[in-house]
Amino acid sequence: MKKATWLSMILLTAMIFILAACGPDREETGADEADVSEGEEPEKPESLKVWVNDDDNQKEFYEEVTEEFTEETGISVEIEHHPMDEQLDKVSLDGPSGNGPDLFYQPHDMIGEANLQGLVSPIQADEEQLSIYEDSAIEAMSYEGELYGVPDVTETYALLYNKELVEEAPETISDLEEIAEELTDASNEEYGFLMEAANFYYTYPFMTAEGGYVFNQDEDGTYDSSDIGLANEGAVEGAEMIQSWYQNDYIPKGINDDILNGLFEDGKVGAVINGTWAVKDYVKAIGSENLGVAPLPTTDDGDPLNSFSGVKGWLVSNYSEDKYWASQLGLHITNTENAKKYHEASGQIPAVTEVVESDVLQENEHFNGFAEQTQYAEPMPNIPEMAQVWEPMGDAHEYIADGNDPEEVLNEAVEEIQAEIEMQAK
């Protein structure tokens, strides 16, 4: 289906007062708008509950924008902080008892799974409200033709380097490995190059550089979840390369984002793979003039590495009794003015076109590096089966770090993914 036609369908189906009607148990939940006529606003609730990610740097922003919403609508907003990766499970537990949120925060690749479990309701917004967001962000937050999330930020990752240690960004993977060989002194916790090498989100470009893939796609972009390419020859080649980095002590086992960020901010690492969310703290630590951002290095044949791209946004709980007003809260938090404020607070790239095209971002040298990588970024699949990929691949990377045979480990991971998908379908 052509993009324009597809997008029009989304906008049409996301018009005001979409009636929740397509998920398991949906009829049993609070469909407060079921008898509301088109063009009317449902009765305002006294309050709404929103779950935000547990990032202290954003606490002040959320307090400010929700207070604005209260002033405009008279609806008070209760904010609770929960880690984003725990929210979906908590909604399934707390929602039925009435203790869950009206609005919560998720990446786009979890929308299929959330829909399958009947945890989310379509966003209730009109075409004008949705017109401020990037088309690609609207697409990412949609599933089977309906919009299930208000886009908040778009993101991918790139190569961030300390210009005091690495004068120019490496162009190829071999260049990157040369930097690692030259600068690494593991006994002093000094490294040429670091990444979270046991996190499939970050290893994806290297696993797919020579032909690996998650789910095969047909010509119109539909995923075939029965065709998994995470143990094919290309994926194994990528895993072997990652394993060699451990064996050469370029990367320590057990590295996580806290360790990686701490070492880079202490000036002990030449280059890291990370996202826009790290820029603010890196600038504070090593100085804006010393921080470089560049696309990921290419293969030695000059082929670009495809990073994962994602969109995070606000989802309306299917257990909410006030879905229309929960949608309006999500739209308020992400409107153009608040998107500018959120960028200032978090350093992340909003999904609002006017902000992306503004001088604030376009004249930011750090943003430009991410923008260039975005050309090669691939959206994470948002079908429900994607939820079965992360844990087996995370375990596989741990085994690879421990020196186990990459091909054997990846075959076992794919078998586990296939088994989980079959159970999911029952």
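In the predicted model, Gln 375 is exposed, with a relative accessible area of 57%. This value lies above the limit of 50%, over which a residue is classed as exposed. Gln 375 belongs to the loop that links helix H16 (365-374) to strand S16 (378-379). Although Gln 375 and Pro 295 are 80 residues apart along the chain, their C-alpha atoms are separated by 9.4 Å.

Helix H16, which precedes this loop, lies across strands S8, S12 and S13 and runs at about 140 degrees to S8. These strands belong to an open sheet of four strands, arranged in the order S9-S12-S8-S13 with mixed pairing. The edges of the sheet are occupied by strand S9 (191-194) and strand S13 (291-294); each has a single partner strand, so one side of each is left without a neighbour in the sheet. On average, neighbouring strands are turned by 20 degrees against each other, direction ignored. Strands of a sheet pair through backbone hydrogen bonds, in either a parallel or an antiparallel manner.

Within this sheet, strand S8 (residues 157-162) and S12 run antiparallel and are joined by five bridges. Tyr 161 stands opposite Ala 271, a residue of S12. Helix H8 (residues 200-208) also packs on the sheet, where it touches S8 and S12, and its direction makes about 95 degrees with that of S8.

The loop between strand S12 (269-275) and helix H11 (279-286) contains Thr 276. In contrast to Gln 375, which is exposed, Thr 276 counts as buried because its relative accessibility is 4%, a value under the 20% limit for burial. When residues up to four places away in sequence are not counted, Thr 276 touches Thr 156, Gly 347, Gln 348, Ile 349 and Phe 370.

Aromatic residues were examined next. The structure holds 18 aromatic pairs. One of them is formed by Phe 61 and Tyr 62, whose rings are 5.2 Å apart from centre to centre, with 65 degrees between the planes, an edge-to-face arrangement. Both Phe 61 and Tyr 62 are buried. A single aromatic cluster is made up of Tyr 157, Phe 200, Tyr 201, Tyr 202, Tyr 204, Phe 308 and Trp 390. In addition, Lys 312 lies over the face of Trp 277, at 5.6 Å from the ring centre.

Terms used: Residues are numbered from 1 along each chain as its sequence is written. This is a predicted model: local features need pLDDT of at least 70, side-chain atom pairs count only at pLDDT 80 or more; totals for chains, interfaces and linings use all residues. Side-chain values use heavy atoms; hydrogens and water are left out. Helices (H or I, at least four residues) and strands (E, at least two) are DSSP runs, numbered from the N terminus. Buried means under 20% relative accessible area, exposed over 50%, partly exposed in between (1.4 Å probe, protein chains only). Contact means heavy atoms within 4.5 Å. Rings of Phe, Tyr and Trp (its six-membered ring) pair if their centres lie within 6.5 Å; planes under 30 degrees apart count as stacked, over 60 as edge-to-face and the rest as tilted. A charge sits over a ring if NZ of Lys or CZ of Arg is within 6 Å of the ring centre and within 35 degrees of the ring normal. Two strands pair if DSSP finds at least two bridges between them. Axes are lines fitted to C-alpha atoms, for helices over the stretch in contact, and angles run from 0 to 180 degrees between N-to-C directions.
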